[in-house]
2 protein chains.
Amino acid sequence: MSPYPEGVRQRVEEALAEYFPAVDTYPEILYQSMRYSLFAGGKRFRPVLTVITAAVFGASPETVLPCACAIEYIHTYSLIHDDLPAIDNDDLRRGLPTNHKKFGEDIAIMAGDALFAEAFSLISRLQMASDQRKIVDVIREIAAASGPAGMVGGQVVDMASTGKPISLETLRFIHARKTGRLITAAAWCGAILAGATDDELETVTRYGKHLGLAFQITDDILDETGSVEELGKTPGQDQTLHKATYPALVGLEESKRLACDETTAAIAVANALGESAHALRGLAEFVIERTG
Amino acid sequence: MSPYPEGVRQRVEEALAEYFPAVDTYPEILYQSMRYSLFAGGKRFRPVLTVITAAVFGASPETVLPCACAIEYIHTYSLIHDDLPAIDNDDLRRGLPTNHKKFGEDIAIMAGDALFAEAFSLISRLQMASDQRKIVDVIREIAAASGPAGMVGGQVVDMASTGKPISLETLRFIHARKTGRLITAAAWCGAILAGATDDELETVTRYGKHLGLAFQITDDILDETGSVEELGKTPGQDQTLHKATYPALVGLEESKRLACDETTAAIAVANALGESAHALRGLAEFVIERTG
């Protein structure tokens with residue numbers, strides 16, 4: 001199995017700990033709640049992707065870590081809100097009680113909101129760039145990826161589709177926006193901060209789209225085939241909620257084939273970026289190999 | 001009574017209509033829900049403040065409207081989330097059913113999230129500045145004003161204080177963060193985009209703090225003395241919820257005195273900015289005169 005870039009993950013973990021206030025200030029419960037979800041583990045897939053994409057274009061982790069961590073803040077906030085009783089009503093996340101189970105629904109809503117604000121605060125305070133315009137560029141990309149034409153839009157279609165028969169086209173729409181868009185943004189931000197050209201940014205975007213779709217299809221597959229230990233949450237939750245998933249729509253085997261297609265496409269695009277893109281190939285391989 | 005700057009409000013209204021997508025795209029319900037709250041009326045107090053502060057330093061409305069409208073997006077999102085059943089559980093806002101009453105709790109949470117994302121999208125796409133650094137500056141200011149040390153932090157302390165006896169110090173903390181911080185940011189952003197010096201920014205910040213506190217104390221007073229027509233919501237709601245307010249803590253007369261003190265202080269600070277700051281004096285007078 002392709003190894004996950006653990007060194008990079010470790011560096012992201014350290015940066016998150018460095019940026020997040022070490023001491024909970026008043027009102028403490030808010031910071032505790034934010035911290036609880038931000039440091040609940042996870043692969044740090046998005047910030048890792050930002051860092052390894054930056055490396056393809058010769059930039060060190062240090063030069064992109066504020067932006068990378070901001071994207072993880074946003075991913076974390078979206079999980080807190082998606083788990084809420086009014087939405088997915090999940091009790092367990094990464095093997096722990098969900099944020100609202102631990103802190104109450106009101107605090108969970110506010111912790112999500114606060115993490116979202118802190119994401120833009122982090123970038124605007126700490127992200128460096130050769131040209132300030134690039135900082136505005138990454139903020140624009142991340143805001144677009146998080147908003148109604150991105151993550152939130154995908155989540156709303158997901159909510160509206162739950163329990164209903166939907167087309168493969170709609171499912172692709174959901175996945176492309178709910179998870180794909182922020183994954184693409186993570187790669188794009190790493191590339192632009194590292195000085196990638198417009199052509200290279202376009203290539204990175206194509207890579208991100210394939211990777212994001214592969215990632216989400218394998219997530220759907222794992223929800224069906226994984227154990228509670230592997231998932232950190234109750235497997236089969238998607239089925240119980242009558243969520244639209246690839247296995248539900250096209251079956252397990254066809255889902256695996258589609259995930260494999262997307263991974264192959266991601267690797268082919270990464271190859272166009274040359275030898276330095278080996279880490280992007282490795283990450284795509286890691287994604288597909290999760291499903292066994 | 002000092003007239004509210006209706007011409008400026010009208011210009012803000014037009015800009016909001018111009019920036020917000022004219023046609024609801026898929027998923028339509030999300031855009032409908034965002035639009036419902038964004039165009040539910042309101043004084044547009046924060047963006048008006050941004051525009052008139054910019055004018056003090058010689059800048060036209062056009063040069064600050066994206067930033068001004070982004071602040072109104074954030075104010076609107078905060079109202080949607082504050083009204084949620086898990087938080088204030090309000091049914092009525094500006095004379096209309098609250099967002100979750102109209103669209104459901106799940107959509108209301110997402111509409112708030114989407115407006116927050118769109119705020120940063122709007123600034124990063126459309127805000128112009130002589131120096132890109134100023135755009136990063138306003139994003140940093142607005143993110144800080146919205147986050148755990150600003151609006152969200154104030155809301156959390158407000159939630160934790162509801163139904164409990166609290167000190168005047170705590171009430172000041174709540175007001176300074178929950179409403180005061182974003183009002184101060186609105187003035188600060190107008191000033192920096194218009195080219196104010198550091199000293200002028202400091203003066204504008206002091207003005208914003210006094211104005212924000214005067215605004216919130218008069219809001220507390222109006223909740224007690226206003227009619228449903230004046231308020232667009234059920235009066236006495238704060239009392240019913242056992243919310244901490246100035247009248248509840250120090251009585252109506254002392255509240256009016258404190259609001260008057262803050263207004264006087266705001267006007268004194270505005271005077272230091274010279275003749276061009278007449279609109280800032282006028283806005284402060286408008287705030288205090290709301291209470292009759």
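What follows is a short dialogue about reading a predicted model of two chains, A and B.

User: Before I look at any detail, what confidence values come with this predicted model?

Analyst: Chain A has a mean pLDDT of 94, and 94% of its residues reach 70 or more. For the complex, the predictor gives an ipTM of 0.96 and a pTM of 0.96.

User: Okay, now the overall build. How many helices and strands does chain A have?

Analyst: Chain A has 15 helices and 2 strands. Its C-alpha trace spans about 50 × 50 × 35 Å along the principal axes.

User: How does the radius of gyration of chain A fit with a compact globule?

Analyst: You compare the value with what a compact globule of that length would have. For 292 residues that is near 19 Å, and chain A comes in at 18 Å, so the two agree. Of those 292 residues, 57% count as buried. Also, take the contacts in chain A with a separation of 6 or more: 73% of them join residues 24 or more positions apart.

User: Let's zoom in on a helix. What length should I expect for helix H4 of chain B?

Analyst: Use 1.5 Å a residue. H4(B) covers residues 65-83, which is 19 residues, so it should span 27 Å; the end C-alpha atoms are 27 Å apart, which agrees. You can try the idea on H6 of chain A too: this helix, residues 105-126, has 22 residues and reaches 31 Å, close to the expected 32 Å.

User: Are those helices covered or open?

Analyst: Count the buried residues. In H4(B), 19 of 19 are buried, making this helix mostly covered. In H6(A), the count is 19 of 22, so that helix is largely enclosed by the rest of the structure.

User: What about a single residue? Is B:Ala186 buried or exposed?

Analyst: Count the other C-beta atoms within 10 Å; 20 or more means buried. B:Ala186 has 32, so it is buried. You'll find B:Ala186 in helix H9 of chain B, residues 168-193. Skipping neighbours within four places in sequence, its contacts are B:Arg46, B:Pro47, B:Leu49, B:Thr50 and B:Ile71.

User: And A:Ser167, is it buried or exposed?

Analyst: A:Ser167 has 11 C-beta neighbours inside 10 Å, so it counts as exposed. A:Ser167 sits in the loop between helix H8 and helix H9 of chain A.

User: How do distances along the chain and in space go together?

Analyst: Look at two pairs. A:Ser167 and A:Leu249 are 82 residues apart along the chain, with their C-alpha atoms separated by 8.0 Å. B:Ala186 and B:Val156 are 30 residues apart in sequence, and there the C-alpha atoms are 22 Å apart.

User: Which backbone features here go against the usual pattern?

Analyst: Most residues other than glycine have a negative phi, and most peptide bonds are trans. Here, the bond from A:Tyr26 to A:Pro27 is cis, with omega near -5°. A:Pro27 lies in the loop between helix H1 and helix H2 of chain A. In chain B, a cis peptide bond joins B:Tyr26 and B:Pro27, with omega about -5°.

User: Which residues show a positive phi?

Analyst: Among them are A:Arg44, with phi near 55°, and A:Arg94, with phi about 50°. A:Arg44 is in the loop between H2 and H3 of chain A, and it is buried, with 25 other C-beta atoms within 10 Å. A:Arg94 is in the loop between strand E1 and strand E2; with 13 such neighbours, A:Arg94 is partly exposed.

User: Now both chains together. How are the copies related?

Analyst: Two copies of a chain are related by a rotation about an axis and a shift along it. Here, chain B can be laid on chain A by a turn of 180° and a shift of 0.0 Å, with an RMSD of 0.0 Å. The copies are thus related as by a two-fold rotation axis. In chain B, the C-alpha nearest that axis belongs to B:Gln132, at 2.8 Å.

User: How many residues does each chain bring to the contact?

Analyst: Chain A brings 41 residues and chain B brings 41 residues. On the chain B side, helices H2, H6, H7 and H8 each supply at least two residues. The largest share, 14 residues, comes from H6(B). By type, that side divides into 26 nonpolar, 8 polar and 7 charged residues.

User: Why do we say the copies meet through the same surface?

Analyst: Because 100% of the interface residues of chain B are also interface residues in chain A.

Key. Residues are numbered from 1 along each chain as its sequence is written. Chains are lettered from A and ligands numbered from 1 in the order in which they are written. This is a predicted model: local features need pLDDT of at least 70, side-chain atom pairs count only at pLDDT 80 or more; totals for chains, interfaces and linings use all residues. Helices (H or I, at least four residues) and strands (E, at least two) are DSSP runs, numbered from the N terminus. The expected span of a helix is 1.5 Å times one less than its number of residues. A residue is buried if 20 or more other C-beta atoms lie within 10 Å of its own, exposed if 12 or fewer, and partly exposed in between; C-beta atoms are placed from the backbone. Two residues are in contact if their C-beta atoms, placed from the backbone, lie within 7 Å. Ala, Val, Leu, Ile, Met, Phe, Trp, Tyr, Cys and Pro count as nonpolar, Asp, Glu, Lys and Arg as charged, and the others, Gly among them, as polar. Copies are superposed by least squares on the C-alpha atoms of residues with pLDDT of at least 70 in both. pLDDT is the predictor's confidence in each residue, from 0 to 100. The radius of gyration is taken over C-alpha atoms; the globule rule is 2.2 Å times the number of residues to the power 0.38.
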